[in-house]
Amino acid sequence: MKIVYGDRIGCTAQLMPACAAVIFAADRARILLTRRSDNGRWCLPGGALEPGESATEACAREVREETGLEVVVGRLIGVYTTPHRIVEYADGNRRQLVAFCFEATPTGGTLGLSDETTEAAYFLPNAIADLDLVDHHWERIADALTGRQAAFVR
């Protein structure tokens, strides 16, 4: 997976509804990130919605699949739909994301790995700057850290 930028590049891709979760550690000082198995980059847990599920259901499912954690999905941090960025996958598929980012709180499970993740850990925000983070997740993390209750629409 790689991120491609360009003026209205979304016109060259299909729309894909997706979600991501910002999960704070109990101290609310650190954020959970996973390292992707396909490209080695760090990211928030999340992924595409499947037919027949809501955005919050997809978010909880993706977190469970990627991390082993059961979560309650809470506040909507933002909706991200820029037409100037797409995701291009190794199989050639190109997607413009319509992404919902939620704050989620662990309620059970055990933090672990999946076939999609090679590492999972909590990081202080200043340490995230030193990671090879998937580009568009910077914005979502920054928005989450504001603590703003109203959702961002970007």
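This passage describes the nonpolar cores of a predicted model and two of its loop residues.

The largest nonpolar core comprises 26 residues. Within this core, the residues that touch the most other members are Val 22, Ile 31, Leu 33, Leu 44, Cys 101, Ile 128 and Ile 141. At least two core residues are supplied by each of the strands β2 (14-23), β3 (31-36), β4 (42-43), β6 (69-80) and β8 (94-109), and by the helix α3 (137-146). Strand β2 provides the largest share, which amounts to four residues. In soluble globular proteins, nonpolar side chains tend to be buried together.

The surroundings of Leu 33 were examined further. With residues up to four places away in sequence left out, Leu 33 touches Trp 42, Cys 43 and Leu 44, as well as Glu 119, Ala 120, Ala 121 and Phe 123. Its other contacts counted in this way are Ile 128, Leu 131, Leu 133 and Ile 141. A second core, separate from the largest one, holds 15 residues, among them Ala 21, Leu 49, Cys 59 and Val 73.

Two arginines have a positive phi although neither is a glycine. Arg 8, with a phi of about 55°, lies in the loop that runs between β1 (2-5) and β2. The relative accessibility of Arg 8 is 47%, so this residue counts as partly exposed. Arg 28 has a phi of about 60° and is found in the loop between β2 and β3. Arg 28 also counts as partly exposed, because its relative accessibility is 49%.

Conventions
Residues numbered from 1 in each chain as written. Predicted model: local features only at pLDDT ≥ 70, side-chain atom pairs only at ≥ 80, totals over all residues. Heavy atoms only, no water. Core = buried A, V, L, I, M, F, W, Y, C linked by side-chain atoms within 4.5 Å. Buried < 20%, exposed > 50% of the residue type's maximum accessible area, 1.4 Å probe, protein only. Contact = heavy atoms within 4.5 Å.
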